[in-house]
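User: Please take me slowly through the enclosed space inside this model and through the parts that surround it. I am new to reading structures, so a connected explanation would help me most.

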Amino acid sequence: MNLMKANQSFWVWFWKAFQVLLRNRPLTTLAVVAFTAIGRVTSFLAMVLPLKVILLAGSSGVPRYFAFFISPEEKWNWIIYLAVGAVLCYVLTRVLDALSDRMATSAGIDILEKANELAVFSNQEAVAREFYSRFCKVVAWLLFSFAVSALLLFVYPEVMAFLFAMFTLQILFSLWVLSGSDDINPGALKSWVQNKYQGYLSTLQSINFLGGFFVILLPYLRGMDGNILISIVAFLAVRQMLSALSDMVIASVRLNKSRQRVNAILFREHRLEDQQKKTHVEINDLFSKEKRSRLVTEAIAEGEVLSPVDACWQDSTIPSVTTFVIKVNQSAPVNELSQWCQMHVYSYKVAYQLENEERLFNYLPRARLWAPELVARFRESHFQCQVVEYGSGQPVGGDWKNIEPSLYEHLWSITPGVELLHAYNASQLLMHQRLNTKFFDRIDIALDTDEDSARKDEFMAALPRLTELVEAVPLYVYNPMANAANVVKKADGKGVLITTWGKWKLEPIGVQLPSLDGDELSWMLLQVRKHRHDIPGWFGVNELYLVNGCRRLESLVQKNQFKKALELMPEIVDKLKGLGGDVSSPTARDLNFR
């Protein structure tokens, strides 16, 4: 990207947009700019005046740099004047800021209504105010910086010469950094400048400020006379100017990033178009057909000779995770590779799922959970990539109904173990811990009738026994993504693989049930008992339905579907009343894993 042209394009667009503000609300726009600029001046004076008061009050007489306008007889009067002036400047700064915000709100809404008949996006009035305020602040801070520069050029030209040289070098350095590598996969330095520009600007501001300070201090170090008052004023002026310039650049960058939304607000001829998310743009660039084939080939070959693999796009059913189907073109597979693999690409926002999956397999082997073997794992830019075996290369699809019962039976038959339980419960709540009074208080807003209140009261009365029962139900490794789209047959056709485990949880048996009737579920539970000896004798099909009802109720409350939740509560209470016998004590949880 030509950065000079991009910079020029921004300022052309900026002044065009600012002209729209001036045409629509000329007096308000000029007033907001003036108030913002004056606010910077009064803020500056609010810092300078107290220093003058301290210098004047701390001297036995009148310092020579005050003598040209303060006589010894008027010293204490001037101390009072300056102290009051400092307070007034501070108050005036706050008043001007408040006036600017209020006027920006009014003008932003007015301009938005003139440009659009319908709502463009959510909270657009607040967005319009923010954009209008930013435009005015950029202009105000530019004017303030020019005024301070002129002042410094008059009283301390050496400081301005130094700052001009530093600005030139830093601009050239920034252009050099931003022109290197590419924008999608930048190097460390470019990534810092491009993505953490506020920290970068703060660093440059600190360098310039300290450099200006030493320029001001230099005459005194060389034994030359100087005006201390002017030096202090110049020192503070440099600080204020650099702060204004930094704020201006940050506001300009934010406006440039929001250019399309600003155009939709300001210009009637512009329409807001749906933009592809940044993550998707990066994936399109980093994982194009040729690039992803090369990346996967290098990752799985492990230094050996391997023909390029064929990596094809796959419509992902895993939220925020991109998937590709990999076909290994090798008659004699390297390291006994499967012919079919699948690559999962995790953005930084969901990379924790990959970590959770890895943590699970530290406690339970992959094969035990019917998870595919890991082929390779690597990082590309800020994306985490994982390649796993993909069995036959096709999801089970229509065969899911035949596979589902055996899959549930297998997962229910695996005891998680006490170490996995403790590790999971250290950061995540179990179902009986989630179903508490505070959680169900969310429903109170939907208690519109006496019947609604009665339903909730009856359920809350039964909640202690319900949670006691749920706590005693054996846990299993629940995978919400184990469905027809994420299960494939093994390459030899004997068994299946559950391809993703990033969203696993520990839940009581029954949170999700296969499509079977009661007798079939009873038979399945009988088979599970052959592998697990921690299932209580009282646990049967009715308890499975009860646990499943609890999960459905929890989901309804989480989705704010409170009326449906109130309708489900009596059903759960009736099921609970219909259960006979006693449940395990709270200490049974630990016994279940011994």
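**Cavities and their surroundings**

Analyst: Helix H13 (400–412) and strand S6 (475–478) each contribute at least two residues to the lining of the largest cavity, and this description, like everything that follows, rests on a predicted model. H13 gives the most to that lining, with 3 residues. The residues around the largest cavity are Leu407, Tyr408, Leu411, Tyr476, Tyr478, Asn479, Pro480, Ala482 and Gln512, and when they are sorted by class, 7 are nonpolar, 2 are polar and none is charged. The space that they line amounts to about 70 Å³, and the structure as a whole holds 3 cavities of 30 Å³ or more.

The second largest cavity has a volume of about 60 Å³. Its lining is made by Leu21, Gly108, Ile111, Ala128, Phe131, Tyr132, Phe135, Val262, Ile265 and Leu266, with helix H3 (75–115), H4 and H9 as the elements that give two or more residues each. H4 supplies the most, with 4 residues. In this lining 9 residues are nonpolar, 1 is polar and none is charged.

To see what surrounds this second space, it helps to look at how two of its helices meet. Two packed helices are described by the angle between their axes and by the distance between those axes. Here the axes of helix H4 (residues 124–155) and helix H9 (residues 259–266) come within 11 Å and cross at roughly 100 degrees. Angles of 65 to 115 degrees count as roughly perpendicular, and H4 and H9 are therefore roughly perpendicular to each other. On the H4 side the contact is made by Val127, Ala128, Phe131 and Phe135, while H9 brings Arg261, Val262, Ile265 and Leu266. These contact residues divide into 7 nonpolar, no polar and 1 charged. Ala128, Phe131 and Phe135 of H4, together with Val262, Ile265 and Leu266 of H9, take part in this contact and also line the second largest cavity.

A sheet and the helices against it can be followed in a similar way. The sheet is open, with 5 strands in the order S1-S2-S3-S5-S4 and antiparallel pairing. Strand S1 (310–314) and strand S4 (374–380) are its edges, since each of them pairs on one side only, and the twist from one strand to the next averages 25 degrees. At one edge, S1 pairs with strand S2 (residues 321–327) in the antiparallel sense over 5 bridges, and Ala311 stands opposite Ile326 in S2. Helix H10 (residues 278–286) packs on the sheet, where it touches S2, S4 and strand S5 (383–389), and its direction makes about 60 degrees with that of S5. Helix H11 (residues 289–301) lies across S1, S2, strand S3 (340–346), S4 and S5, running at about 120 degrees to S1.

At the other edge, S4 and S5 pair in the antiparallel sense over 6 bridges, and the bridge partner of Phe378 in S5 is Cys385. The hairpin of S4 and S5 has 2 residues between the strands, and in this hairpin Ser381 takes a positive phi near 60 degrees.

Definitions and conventions: Residues numbered from 1 in each chain as written. Predicted model: local features only at pLDDT ≥ 70, side-chain atom pairs only at ≥ 80, totals over all residues. Heavy atoms only, no water. Axes fitted to C-alpha atoms, helices over the stretch in contact; angles between N-to-C directions. Parallel < 35°, antiparallel > 145°, perpendicular 65-115°, else oblique. Contact = heavy atoms within 4.5 Å. Nonpolar A, V, L, I, M, F, W, Y, C, P; charged D, E, K, R; others polar. Pairing = 2+ DSSP bridges. 1 Å grid on protein atoms, 1.4 Å probe; cavity = no way out; pocket = protein on both sides within 12 Å on 5 of 7 lines; lining within 4 Å. Points joined across faces, edges and corners; volume = space filled by probe spheres on them.
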